[in-house]
Amino acid sequence: MNGYFDHNATTPLHPAAREAWLRASDKHWHNPSSLYRDAGLASQQLESARERLGTLIGAEAERIVFTSGATESNNALFASLPADALVVISAIEHPSVREAARRRNVIELPVNADGVVRADDLKQLITSKHPALVSVMAANNESGALQPWRELASLCRENGVLFHTDAAQWLGKLDASELGECDFITGSAHKFGGSKGCGFLVLPEEDSRLGFIRGGPQEHGRRAGTENYPAIEAMVTALEKISPRSSEVAQTQSKLRDTFIGEMRMRFDSLRVISESAPRLWNTVLMVMPEHDNLKWLTRLSRRGFSISTGSACSSGKEGSSVVVTALGASAEELKRVVRISSGWDTTAADWQALAAAFIEVFEELNRGGRPQ
């Protein structure tokens with residue numbers, strides 16, 4: 001049994017990514033910025049990885065800057081904006097966007113009852129406020145709700161406004177080949193089978209500013225520091241291995257997820273699934289349990305070998321502080337009952353069934369006062 005249901009927080013290293021990392025570490029460990037032959041070979045491999053990533057996400061290679069992950073990328077983006085820049089972000093953005101955006105003048109774009117941004121709302125804001133940048137994530141990390149990023153990117157382009165999407169949860173789960181339509185894209189390798197501490201930022205073609213990390217001329221002067229080529233190679237390899245399966249996996253796993261929800265509803269009549277009627281990631285279920293604090297659910301399921309969460313692992317450190325559920329107007333009491341389940345590419349029907357059975361066991365235990373039999 002595989003009881004890991006927190007893939008939106010991080011994923012296990014893909015076997016092909018591990019092999020790629022080892023090969024790169026053994027053969028091309030040299031500093032790509034040095035001038036001797038072996039360093040030149042490492043530089044060539046680095047640029048090849050950049051080209052391959054560009055092909056996967058539909059962006060020119062020269063637009064890609066390798067970073068330590070989406071958090072750095074998001075911070076670098078907002079730091080590059082003028083101090084008086086007006087930016088629009090959605091009410092459900094990841095903390096790395098929300099906190100970085102606070103350095104500028106921020107307008108928060110509301111979501112509908114399903115936790116999805118409305119294009120009409122953004123159009124009104126663009127017309128009345130003329131922001132410098134709009135930032136809306138591609139898929140929400142808590143509810144899994146898919147955002148209309150293609151429509152929003154087109155709307156911004158028509159009005160001369162830059163558009164950014166945090167694609168951390170989209171990458172590796174859904175077709176990413178059109179992401180390059182966005183001016184800015186950010187992603188993290190460990191969300192799709194790569195290693196932690198590696199990610200990227202895609203810039204507009206004409207944009208050479210950044211300088212968030214200053215020092216040497218690496219990444220064409222846009223991000224100083226010796227590139228971690230082995231981790232970059234592992235990241236690109238993982239995405240190459242996972243992307244061709246995305247459609248098949250989405251179809252299979254979404255059925256397993258929905259079956260799990262049905263089984264849970266048979267036992268928990270007043271169970272609430274956030275964003276249930278919206279298009280969602282195939283792996284994600286954000287639920288408000290009818291009874292008992294989420295930490296009690298989490299700890300007792302953990303004892304049984306199941307890993308779930310109470311929302312974003314990067315949210316303020318306060319368990320139960322779901323940005324999505326808050327944006328939907330939930331009460332403080334409801335926030336304490338939120339749990340998030342996020343499966344992986346190889347999660348089986350038996351894994352989902354075992355999780356449902358464990359929820360029922362925990363519920364019975366909690367109703368006995370928390371005493372195991």
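**Exercise 1. The sheet and its helices**

Which helix lies across S8, S9 and S10, and at about what angle does it run to S9?

Solution. This is a predicted model: local features need pLDDT of at least 70, side-chain atom pairs count only at pLDDT 80 or more, and totals for chains, interfaces and linings use all residues. Residues are numbered from 1 along each chain as its sequence is written, and side-chain values use heavy atoms, with hydrogens and water left out.

Step 1. Fix the elements. Helices (H or I, at least four residues) and strands (E, at least two) are DSSP runs, numbered from the N terminus.

Step 2. Find the helix. It is H9, residues 246–267, and it runs at about 20° to S9. Axes are lines fitted to C-alpha atoms, for helices over the stretch in contact; angles run from 0 to 180 degrees between N-to-C directions.

Step 3. Add the other helix. H13 (residues 349–367) also packs on the sheet, where it touches S9 and S10. Its direction makes about 160° with that of S10. Contact means heavy atoms within 4.5 Å.

**Exercise 2. Strand order**

Work out the order of the strands in this sheet and state which ones stand at the edges.

Solution. Step 1. Recall the rule. Strands of a sheet pair through backbone hydrogen bonds, either parallel or antiparallel. Here, two strands pair if DSSP finds at least two bridges between them.

Step 2. Read the order. The open sheet has three strands, S8-S9-S10, with antiparallel pairing.

Step 3. Identify the edges. S8 (272–273) and S10 (338–342) each have a single partner strand, so one side of each lacks a neighbour in the sheet.

Step 4. Check one pairing. S9 (residues 284–288) and S10 are antiparallel over five bridges. Thr284 has Ser342 in S10 as its bridge partner.

**Exercise 3. Aromatic pairs**

Classify the pairs Phe5–Trp352 and Phe268–Trp297.

Solution. Step 1. Set the criteria. Rings of Phe, Tyr and Trp (its six-membered ring) pair if their centres lie within 6.5 Å; planes under 30 degrees apart count as stacked, over 60 as edge-to-face and the rest as tilted. The whole structure holds eight aromatic pairs.

Step 2. Take Phe5 and Trp352. Their ring centres are 5.0 Å apart and the planes stand at 65°, so the pair is edge-to-face. Phe5 lies in the segment before helix H1 (15–27) and Trp352 in helix H13, 347 residues apart.

Step 3. Take Phe268 and Trp297. With centres 6.0 Å apart and planes at 85°, this pair is edge-to-face. Phe268 lies in the loop between H9 and S8, and Trp297 in helix H10 (residues 294–303), so the pair ties together parts 29 residues apart in sequence.

Step 4. Check burial. Buried means under 20% relative accessible area, exposed over 50%, partly exposed in between (1.4 Å probe, protein chains only). Phe5 is buried at 0%, and Trp352 is buried at 2%. Phe268 is buried at 2%, and Trp297 is buried at 0%.

Step 5. Assemble the cluster. Phe5, Phe260, Phe268, Trp297, Trp352, Phe359 and Phe363 form one aromatic cluster.

Step 6. Add the charge. The charged end of Arg267 sits over the ring of Phe268, 5.9 Å from its centre. The criterion is NZ of Lys or CZ of Arg within 6 Å of the ring centre and within 35 degrees of the ring normal.

**Exercise 4. The whole protein**

How many helices and strands are there, and what share of the residues is buried?

Solution. Step 1. Count the elements: 13 helices and 10 strands.

Step 2. Read the burial. Buried residues make up 56% of the 373 residues.
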